[in-house]
Amino acid sequence: AAGALLASILMVGKQYRALVYAQPVDADLRTRMASQSVPLLIGSIANTAGSRAYPILLAAIALSIEVARFGAVLTLIGPMRMLGMALSGVVRPRFALYYNQSDILSVRKLMLRVSAVIIVVGVLMGTIVFLLGNEICELLFGDWLSDTRLLLLVGVWYGTVACLGSFVVTALQTQSESGPKYTAKLRTVVSLSALVLALLMTITMGALGPLLAMALTETVYLSLAYRRWLATDTPLLKDAMSATA
C-alpha cells in the first residue's frame, strides 16, 4: 500500500493541483471506461483462478512434497514478479498518455526499456540458479528441498515471460478499445489450456508439470499478445510519422 501511494505521488509530481482541481471526465470517456471494465475483470478472474488452481491440483494427484516444491519455486521467483507488477503500474499511465498524443515512438522506447530490465534480471537469476540453485534452496528451506535446479530454471523462464507479457498487455489495453476484450479472451483460453496441460503433466512430473505448463502457455500468450500489439501499432506509427513529415 505504501509503495502504491509513493508511486502515485511520483507519477503525479508537481501536477497534483491540476489533478485535484481537474474537471470531471466527459460522458464519452466514462462510456469507454465502462465498456473496458468487464473484459478487464474477466481476464483478471481467469488469471487468478488459473494460478490458484495448481497447488490444489498437486495436492490432489501428487505427493505433499510436490506442493512444497512448487511453492518454494514461486517464492524464489517472487521478487521478479513483484518488479514486473511495479513497472506495469508505472508504465500504464505513460502508455495511455503517449497513445493519446499519438507518440508511438515513445511507446516503443518505453517498451524496450522495461523489457530490457526484465530480460537482464531474468538472465541474471537464471545464471545464479544454474550455478547455485540447489545450494540456495537447501540454505533457505532445508535439506529436504534438494535437486531443484531444473524447477528453478523453469520458474525463472515463467517469471520472465510473465513479466514481459504484462507490459505488452498493458500496452494493448491502452492502445485501443478492442485491446481489453482481446486480452481477456486470450487470457481465458491460455489459463484453461495451462490447467489441462498441467493436469496431464503433473501425473508423471510432479511439481515440474504445472511449472512447465505455465511457462509454455505463458510464452504462447506473450507471442500472441506481442503480435497483436505490433500489428496494431505499426499503422499508428506510420500515420504519426506521416503527420510529422
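**Helix packing and aromatic contacts in an all-α model**

In this predicted model, helix 6 and helix 7 run roughly antiparallel to each other. The reasoning is short: the two helices, spanning residues 104–141 and residues 149–175, pack at an angle of about 170°, and an angle over 145 degrees counts as roughly antiparallel. Their axes lie 8 Å apart, and the crossing of helix 6 and helix 7 is right-handed. Sorted by class, the residues in the contact of helix 6 with helix 7 comprise 17 nonpolar, 6 polar and 2 charged.

Helix 7 also packs against helix 5. Here the axes come within 8 Å and cross at roughly 20°. Because angles under 35 degrees count as roughly parallel, helix 5 and helix 7 are described as roughly parallel to each other. The crossing of helix 5 and helix 7 is right-handed. The contact of helix 5 with helix 7 is made up of 12 nonpolar, 9 polar and 2 charged residues.

These packed pairs belong to a protein chain with 9 helices and 0 strands. Following the sequence gives the pattern α-α-α-α-α-α-α-α-α. Along the principal axes, the C-alpha atoms of the protein chain fill a box of roughly 60 × 35 × 35 Å. The protein chain has 245 residues, and 38% of them count as buried.

Attention now turns to the aromatic rings. How many aromatic pairs does a search of the whole structure find? The search returns 1 aromatic pair. The pair is formed by Y226 and W229, with 5.6 Å from centre to centre and 50° between the planes, and it is tilted. The label follows because planes under 30 degrees apart count as stacked and those over 60 as edge-to-face, with the rest counting as tilted. Y226 and W229 are 3 residues apart in helix 9 (residues 208–244), so about one helical turn separates them. Are the two partners buried or exposed? Y226 is partly exposed, with a relative accessible area of 39%, whereas W229 is buried, with a relative accessible area of 2%.

Helix 9 also holds A225, which counts as buried at 1% relative accessibility. From C-alpha to C-alpha, A225 and L208 are 25 Å apart in space, with their positions 17 residues apart in sequence.

Two arginines sit over tyrosine rings. R187 lies over the face of Y221, at 3.9 Å from the ring centre. R228 is placed over the face of Y182, and there the distance from the ring centre is 4.4 Å.

The backbone has a point worth a look as well. Most residues other than glycine have a negative phi. S102 is not a glycine, yet it has a positive phi of about 55°. Where does S102 lie? S102 is located in the loop between helix 5 (78–100) and helix 6. With 46% relative accessibility, S102 counts as partly exposed. That class applies because 46% falls between the 20% limit for buried and the 50% limit for exposed.

Several C-alpha separations help to trace the course of the chain. E135 lies in helix 6 and counts as partly exposed at 45% relative accessibility. The C-alpha atoms of E135 and L145 are separated by 9.7 Å, and the two residues are 10 residues apart along the chain. S64, in turn, is found in helix 4 (residues 64–76). S64 is exposed, its relative accessible area being 65%. Although S64 and G206 are 142 residues apart along the chain, their C-alpha atoms are separated by 9.9 Å.

A62 supplies a further separation of this kind. A62 lies in the loop between helix 3 (27–61) and helix 4, and at 24% relative accessibility it counts as partly exposed. A62 and V25 are 37 residues apart in sequence, and 53 Å lies between them in space, C-alpha to C-alpha.

How values were computed:
Residues are numbered from 1 along each chain as its sequence is written. This is a predicted model: local features need pLDDT of at least 70, side-chain atom pairs count only at pLDDT 80 or more; totals for chains, interfaces and linings use all residues. Side-chain values use heavy atoms; hydrogens and water are left out. Rings of Phe, Tyr and Trp (its six-membered ring) pair if their centres lie within 6.5 Å; planes under 30 degrees apart count as stacked, over 60 as edge-to-face and the rest as tilted. Helices (H or I, at least four residues) and strands (E, at least two) are DSSP runs, numbered from the N terminus. Buried means under 20% relative accessible area, exposed over 50%, partly exposed in between (1.4 Å probe, protein chains only). A charge sits over a ring if NZ of Lys or CZ of Arg is within 6 Å of the ring centre and within 35 degrees of the ring normal. Axes are lines fitted to C-alpha atoms, for helices over the stretch in contact, and angles run from 0 to 180 degrees between N-to-C directions. Angles under 35 degrees count as roughly parallel, over 145 as roughly antiparallel, 65 to 115 as roughly perpendicular and the rest as oblique. A crossing is left-handed if the near helix is turned anticlockwise from the far one by less than a right angle, and right-handed if clockwise. Ala, Val, Leu, Ile, Met, Phe, Trp, Tyr, Cys and Pro count as nonpolar, Asp, Glu, Lys and Arg as charged, and the others, Gly among them, as polar.
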